[in-house]
Amino acid sequence: MADHKIKIYGKDWSIRFTTTIPKGEFGYCTSPDQKDRHVAINSRLGTDKMTAVICHELAHACLWPIGEEAIEELGEVVANALLDPDILERLGLARVDRHGS
């Protein structure tokens, strides 16, 4: 699957959806100092969990020195807001579950 290109603080990053995630992990983020900066997301996750993991790993990419507890909370809060039916409706978006929640 092709990488999805994004910029964080003006640096090129990729989001990669893959099944080759370390055991016990849902995703990971490389160091922003690496040349091949990317976040990897388990492509087998359901919509809700995948959204939370994307938010969590992007928070790591943006806030590298911040502790795991703050990143976990930020990821959950953002994911819950993005998946809220009223917010989706307000944004004119429809929810489509691809792998179950």
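**Entry 1, the largest pocket**

I began with the make-up of the lining of the largest pocket, and by class I found 7 nonpolar, 2 polar and 2 charged residues there. I note at the outset that I am working from a predicted model. For the volume of this largest pocket I wrote down about 220 Å³. I then asked which residues lie nearest the centre of the pocket. Of the 11 residues that line it, those nearest the centre are T47, L88, A94, R95 and V96. Looking next at secondary structure, I recorded that the elements giving two or more residues to this lining are helix α1, which spans 47-62, and helix α2, which spans 68-83.

**Entry 2, D48**

I turned to D48, which I located in helix α1. Is D48 buried or exposed, or does it fall in between? Its relative accessible area is 28%, and because buried means under 20% and exposed means over 50%, I entered D48 as partly exposed. I also looked up the separation of D48 from E76, which stands 28 residues away along the chain, and noted 10.0 Å between their C-alpha atoms.

**Entry 3, Y9**

My last look-up concerned the backbone at Y9, where phi is positive, at about 50 degrees, although the residue is not a glycine. I wanted to know where Y9 lies, and I placed it in the loop between β1, residues 4-8, and β2, residues 11-18. For Y9 the relative accessible area comes to 67%, and since the cut-off for exposed is over 50%, I entered Y9 as exposed.

Methods. Residues are numbered from 1 along each chain as its sequence is written. This is a predicted model: local features need pLDDT of at least 70, side-chain atom pairs count only at pLDDT 80 or more; totals for chains, interfaces and linings use all residues. Side-chain values use heavy atoms; hydrogens and water are left out. On a 1 Å grid over the protein atoms alone, a cavity is a set of points where a 1.4 Å probe fits but cannot get out, and a pocket is an open set with protein on both sides within 12 Å along at least five of seven lines; lining residues have an atom within 4 Å of a point. Grid points are joined across faces, edges and corners, and a volume is the space filled by probe spheres set on the points. Helices (H or I, at least four residues) and strands (E, at least two) are DSSP runs, numbered from the N terminus. Ala, Val, Leu, Ile, Met, Phe, Trp, Tyr, Cys and Pro count as nonpolar, Asp, Glu, Lys and Arg as charged, and the others, Gly among them, as polar. Buried means under 20% relative accessible area, exposed over 50%, partly exposed in between (1.4 Å probe, protein chains only).
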